[in-house]
Amino acid sequence: MTPQDLAKRQAAEAALAYIEPGEVLGVGTGSTVNLFIDLLAERRLVQDIKGAVSSSNASSERLKKIGVPVLDLNETGELSIYVDGADETNPRLQLIKGGGAALTREKIVAAASRKFVCIADQSKRVDVLGKFPLPVEVIPMAQSYVGRQLVKLGGKPKLRDGVITDNGNVIIDVHGLSITNPVELETQINLITGVVCVGLFARRPADVLILGTPNGAQTILP
Ligand SMILES: O=C[C@H](O)[C@H](O)[C@H](O)COP(=O)(O)O
């Protein structure tokens, strides 16, 4: 395991403490979440939860493989805990997400959860969001139009080659942004016709960040 994977695993392991027995768990997407799912099996915690609402087909498959029932968010109502990774986090726990193209469902599950526990290695921590290209999920026929609007906002849009989301849409990654006002930019991008979702989690930041570091897992509050 690389030092980065070890740090991700530390964060994932610390997040196990947030699981509420008998509850439905919200589960995100990505390599850090995969380690979290693996730990559910390793630590025999699968029986403790009622099931999971997942933010991607990939996570659903992984959950089913270890015997976790994957439930429909429309049937579960509000979730107590949502555990997910991030591509970047600032000190206010506002995030960039969507490196794995799952941003829209992630934002839905985060919105429907009382507590969002973000798990990441320390390389994800930044002062100002934007070094990681900002993912935007877009309806395919609007791709060029949305690209032009994103240029007007100061970004350099680039279509993510060969990627179709679980919702049948494309991803535009916006390079060259220095996101000093994440709430405003999230609103501006949301207002572009053809945008399904932007991977900026500013209006609904994480509630808790668990960061894997060489000195162990650190819990950070906004
Ligand atoms: O679409 C993917 C998600 O937003 C992931 O949570 C994010 O990309 C972080 O992934 P990883 O844990 O692999 O760094």
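## Strand pairing and the three-stranded sheet

Two strands are said to pair if DSSP finds at least two bridges between them. In this predicted model, that idea helps in reading an open sheet of three strands, in which the order is E4-E5-E11 and the pairing is antiparallel. The edges of this sheet are formed by strand E4 (88-89) and strand E11 (200-201), each of which pairs on one side only.

Strand E5, made of residues 95-96, runs antiparallel to E11 and is joined to it by two bridges. Looking at a single position within this pair, one finds that isoleucine 96 has leucine 200, in E11, as its bridge partner.

## The four-stranded sheet

A second arrangement to follow in the structure is an open sheet of four strands, ordered E8-E9-E7-E10 and again with antiparallel pairing. Here the edge strands are strand E8 (156-159) and strand E10 (195-198), and each of them pairs on one side only. From one strand to the next, the twist averages 30°.

Within this sheet, strand E7 (residues 134-138) pairs with E10 in the antiparallel sense, and the pairing extends over three bridges. Valine 138 can serve as a point of reference, since it stands opposite valine 195 in E10.

## How two helices pack

Helix H1, which covers residues 3-15, packs against H2 with the two axes 9 Å apart and at an angle of about 50°. Angles under 35 degrees count as roughly parallel and those from 65 to 115 as roughly perpendicular, and H1 and H2 are therefore described as oblique to each other. The crossing in which H1 passes H2 is right-handed.

## The surroundings of the ligand

The ligand is surrounded by 17 residues, of which the closest are Gly30, Thr32, Gly85, Gly99 and Gly100. The elements that contribute two or more residues to this shell are helix H2 (31-42) and helix H5 (103-111), so that H2, already met as the packing partner of H1, appears here as well. When the shell is sorted by class, it contains nine polar, four nonpolar and four charged residues.

## Confidence in the model

Some care is needed with any prediction, because the predicted coordinates should not be read in detail where pLDDT is low. For this chain the average pLDDT is 97, and 100% of the residues score at least 70. The scores for the model as a whole are an ipTM of 0.98 and a pTM of 0.96.

Key: Residues numbered from 1 in each chain as written. Predicted model: local features only at pLDDT ≥ 70, side-chain atom pairs only at ≥ 80, totals over all residues. Near = placed C-beta within 6 Å. Nonpolar A, V, L, I, M, F, W, Y, C, P; charged D, E, K, R; others polar. pLDDT = per-residue confidence, 0-100. Axes fitted to C-alpha atoms, helices over the stretch in contact; angles between N-to-C directions. Parallel < 35°, antiparallel > 145°, perpendicular 65-115°, else oblique. Left-handed = near helix turned anticlockwise from the far one by under 90°.
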